[in-house]
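Student: I have a model on screen and want to work through it residue by residue. Can we go step by step?

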Amino acid sequence: MNDDEKGKRFLELIDQQNNFQWKIVAKVSSLINLKWNSIELQNELETLVEKYSKITKDLDSLD
């Protein structure tokens with residue numbers, strides 16, 4: 001991968017990571033409002049965190 005491709009990929013991953021961060025914050029806020037009593041929101045949050053972690057690993061692997 002050349003430097004231009006790496007730069008574009010880096011920006012794409014940062015954008016995705018930012019989007020997931022906001023989604024995670026929204027889900028956590030909703031769970032707090034529901035006193036953590038929503039299995040559906042907990043599952044959605046778990047999925048978002050998994051996707052966020054994958055993006056972070058992809059970012060870390062860019063040289």
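Student: In which helix is N19 found?
Tutor: Keep in mind that this is a predicted model. N19 is found in helix α1.

Student: Is N19 buried, partly exposed or exposed?
Tutor: Buried means under 20% relative accessible area, and exposed means over 50%. N19 has 38% relative accessibility, so N19 counts as partly exposed.

Student: How far apart in space are N19 and Y52, C-alpha to C-alpha?
Tutor: In sequence, N19 and Y52 are 33 residues apart. In space, their C-alpha atoms are 9.2 Å apart.

Student: What separation do the C-alpha atoms of Q21 and E46 have?
Tutor: Q21 also lies in helix α1. Q21 is partly exposed, at a relative accessible area of 34%. Along the chain, Q21 and E46 are 25 residues apart, and their C-alpha atoms are separated by 13 Å.

Student: How many Å does α1 reach from its first C-alpha to its last?
Tutor: Helix α1 has 31 residues. At 1.5 Å a residue, the expected value is 45 Å. The reach of α1 is close to that, at 45 Å.

Student: Why does the span of α2 agree with what a helix should give?
Tutor: Helix α2 covers residues 39-61, which is 23 residues. At 1.5 Å a residue, α2 should span 33 Å. The end C-alpha atoms agree with this, because they are apart by 33 Å.

Student: Which residues of α1 are buried?
Tutor: The cut-off for buried is under 20% relative accessible area. What covers the buried residues of α1 includes α2. The buried residues themselves are L13, Q17, F20, I24 and L31.

Student: Q17 lies in helix α1; which residues is Q17 in contact with, leaving aside neighbours within four places in sequence?
Tutor: Q17 counts as buried, because its relative accessibility is 13%. Leaving aside neighbours within four places in sequence, the contacts of Q17 are Y52, I55, T56 and L59.

Student: Which helix do the buried residues of α2 pack against?
Tutor: In α2, the buried residues are L41, L45, L48, I55 and L59. They pack against α1.

Student: Which helix gives the largest share of the largest nonpolar core?
Tutor: Nine residues make up this core: L13, F20, I24, L31, L41, L45, L48, I55 and L59. Both α1 and α2 supply at least two residues each. The largest share, five residues, comes from α2.

Student: What does L31 touch, not counting residues up to four places away in sequence?
Tutor: L31 is one of the core residues. Not counting residues up to four places away in sequence, L31 touches W36, S38, L41, Q42 and L45.

Student: D58 lies in helix α2; which residues does D58 touch, not counting those up to four places away in sequence?
Tutor: D58 counts as partly exposed, because its relative accessibility is 22%. The C-alpha atoms of D58 and T47 are separated by 17 Å, with their positions 11 residues apart along the chain. Not counting residues up to four places away in sequence, D58 touches R9 and L13.

Student: How much accessible area does the nonpolar surface patch with F10, L11 and I14 have?
Tutor: I14 has its place in helix α1. I14 counts as partly exposed, because its relative accessibility is 32%. Together, F10, L11 and I14 have an accessible area of about 270 Å².

Methods. Residues are numbered from 1 along each chain as its sequence is written. This is a predicted model: local features need pLDDT of at least 70, side-chain atom pairs count only at pLDDT 80 or more; totals for chains, interfaces and linings use all residues. Side-chain values use heavy atoms; hydrogens and water are left out. Helices (H or I, at least four residues) and strands (E, at least two) are DSSP runs, numbered from the N terminus. The expected span of a helix is 1.5 Å times one less than its number of residues. Buried means under 20% relative accessible area, exposed over 50%, partly exposed in between (1.4 Å probe, protein chains only). Contact means heavy atoms within 4.5 Å. Patches are made of residues with over 30% relative accessible area and no salt bridge: like charges are joined within 9 Å, nonpolar side chains (Val, Leu, Ile, Met, Phe, Trp, Tyr) within 5 Å. Accessible areas come from the Shrake-Rupley method with a 1.4 Å probe; for residues, only the protein chains shown count as cover. A salt bridge is a side-chain nitrogen of Lys or Arg within 4 Å of a carboxyl oxygen of Asp or Glu. A nonpolar core is a set of buried Ala, Val, Leu, Ile, Met, Phe, Trp, Tyr and Cys residues joined through side-chain atoms within 4.5 Å.
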